[in-house]
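I opened this notebook to keep track of what I looked up, going from the ligand outwards to a few single residues and one helix.

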Amino acid sequence: MSDSTPGFNTLAIHAGAKPDPTTGARATPIYQTTSFVFEDVDHAASLFGLQAFGNIYTRITNPTTAVLEERVAALEGGTAALAVASGHSAQLIALHTLMAPGCNVVACKRMYGGTINQLSHSFKNFGWDVKWAEGLDAKSFADQIDENTRAVFIESLANPGGVVMDIEGISAVAKEAGIPLIVDNTMATPYLCQPIKHGADIVLHSLTKFMGGHGNSMGGAIVDAGTFDWAASDKYPMLTEPRPEYNDMRLFETFGNIAFAICCRVLGLRDLGPAISPQNAFMLITGIETLALRMQKHSDNALQVAEFLQCHPAVSWVSYAGLPNDPFYQAHKKYCPKGAGAVFTFGLKGGYDAGIELVKGLTLFSHLANIGDTRSLIIHPASTTHRQLSDEQKKAAGAGPGVVRLSIGIEDAADIIADLKQALEKV
Ligand SMILES: *Cc1c(COP(=O)(O)O)cnc(C)c1O
């Protein structure tokens, strides 16, 4: 590679990887091993003391996973990344580093249904509270922040689709309060949106979705932007206080702009344990190589499908930021100008029953609880992913009775539209 900064496609293929030094293997090998031999006793001691970087045990680091981490960090423009077993475990570990009993996170109501559950119920067991911003604008977030708030948490393109968040405005609010902004960039991927450029301090991913892209492997990532001054307050003791297990090392003092990623690894992942398997890391690395090609095709197809649905008599509304009459069209031009992504919702005039009928009538679409596959996917959130939420929460999350969510694949747009057309005739 030349001296100039490589472009997105080049990074997606090369970042973090080089031919295997011992075998010459060009693709990244799958280092399917739990543990690694120490050179000698001193080497072992320096690894355990964090005085040297190296592999000890695959729960903490693995060479295949390291390629994935470096690649995701490069694509997001972060200083370092940590890969974990799933998107949900990325959220757990990121918040574990920031929170303590009695602390809260200020979050957006428009989020992945599983995230709403995680924050509303399971995390309460740790004594972590959630305060929901009433609206999507920056002021709604500012209104919820108090002295116990340790992070603001949003999605860039928000579930179940159609919303583009004001990352810059919300980042300014978080900065003013001296707390980091966490952006879940799963639905946009760094091809469509790079939240760090707009002020995010931490970027999270479910790599399970578009990053891997083929619906075959679970994974998650935490990306450290390297921008946040953890020592500006006493709110983040895991980063700033001496760690007894590492010879009283202060992680922020020692690791600077990669301290958050390191802390998530050597405290969070080490002790909570959701490590990604090297096999899955390999599948995700392979998927990421074609990220730009896939995301462009996903977005182009989605726009065509949204245009088709908008004119269909059985459809009452379409919420896709790529449509010029959409309220989020301007935000999409600013934050994800190459396309508005593959996932969006629309409303059926026939309500709940029409949603069920549509799902039954489709043949190309798969009915399942995922997004970001090469294949076109459909779900009726009210009867599935958002079923466990109250009616009010469903509405606030954009998952009312006649709402249908699509994740448009990379098949031929004409075939996707033909399938929707024949199924809509029956509802
Ligand atoms: C799927 C998803 C998650 C959870 O990720 P898993 O890999 O399923 O654990 C989190 N956030 C968003 C936006 C998602 O789509």
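**Entry 1, the ligand.** I began with the side chain of Lys209, where an N or O atom lies 2.7 Å from an oxygen atom of the ligand. I then looked up how much of the ligand is covered, and found that the protein takes up 94% of the 380 Å² of accessible area that the ligand has on its own. I kept in mind throughout that this is a predicted model.

Two further polar contacts went into the list: a polar side-chain atom of Thr208 is 2.6 Å from an oxygen atom of the ligand, and a polar backbone atom of Gly87 is 2.8 Å from an oxygen atom of the ligand. I noted that 16 residues surround the ligand, and that Gly87, Asp184, Ser206, Thr208 and Lys209 come nearest. Sorted by type, the shell holds 3 nonpolar, 10 polar and 3 charged residues. Which helix gives the most to this shell? I found that helix H4, residues 87-98, does so with 3 residues.

**Entry 2, Thr186.** I went next to Thr186, which sits in the loop that runs from strand S7 (181-184) to helix H8 (189-192). Is Thr186 buried or exposed? Its relative accessible area is 6%, and because the cut-off for buried is under 20%, Thr186 counts as buried.

I then looked for the partners of its side chain, and found a polar contact of 2.6 Å with the side chain of Asp184, while a polar atom of the Thr186 side chain also lies 2.9 Å from the backbone nitrogen of Ser206. Both Asp184 and Ser206 are among the residues that come nearest to the ligand. With neighbours within four places in sequence set aside, I recorded Leu204, His205, Ser206, Lys209 and Phe210 as the residues in contact with Thr186.

**Entry 3, helix H2.** In helix H2, residues 41-48, I marked His43, Ala44, Ser46 and Leu47 as buried. Why do I say that they line one face of the helix? Seen down the axis of H2, the buried residues fall within an arc of 165°, so they line one face. The exposed residues Val41, Asp42 and Phe48 are carried on the face turned away from the buried side of H2.

At the start of H2 I noted that a side-chain oxygen of Asp40 comes within 3.1 Å of the backbone nitrogen of Asp42.

**Entry 4, positive phi values.** Just after H2, I came to Leu50, whose phi is positive at about 65°. I wrote this down because most residues other than glycine have a negative phi. Leu50 belongs to the loop between H2 and helix H3 (63-76), and with a relative accessibility of 17% Leu50 counts as buried.

I also recorded Asp248, a residue other than glycine with a positive phi near 60°; Asp248 lies in the loop between helix H9 (237-240) and helix H10 (251-255).

**Entry 5, Asp391.** My last look was at Asp391, which is placed in helix H16, residues 391-396. Asp391 has a relative accessibility of 60% and so counts as exposed. How far apart in space are Asp391 and Pro401, which are 10 residues apart in sequence? From C-alpha to C-alpha, I have 9.2 Å between Asp391 and Pro401.

Terms used:
Residues are numbered from 1 along each chain as its sequence is written. This is a predicted model: local features need pLDDT of at least 70, side-chain atom pairs count only at pLDDT 80 or more; totals for chains, interfaces and linings use all residues. Side-chain values use heavy atoms; hydrogens and water are left out. Buried means under 20% relative accessible area, exposed over 50%, partly exposed in between (1.4 Å probe, protein chains only). A polar contact is a pair of N or O atoms within 3.5 Å; within protein, one must be able to donate a hydrogen and the other to accept it, and residues adjacent in sequence count only if both atoms are side-chain atoms. Contact means heavy atoms within 4.5 Å. A residue is near a molecule or strand if one of its heavy atoms lies within 4 Å of it. Accessible areas come from the Shrake-Rupley method with a 1.4 Å probe; for residues, only the protein chains shown count as cover. Ala, Val, Leu, Ile, Met, Phe, Trp, Tyr, Cys and Pro count as nonpolar, Asp, Glu, Lys and Arg as charged, and the others, Gly among them, as polar. The arc is that of the directions from the helix axis to the C-beta atoms.
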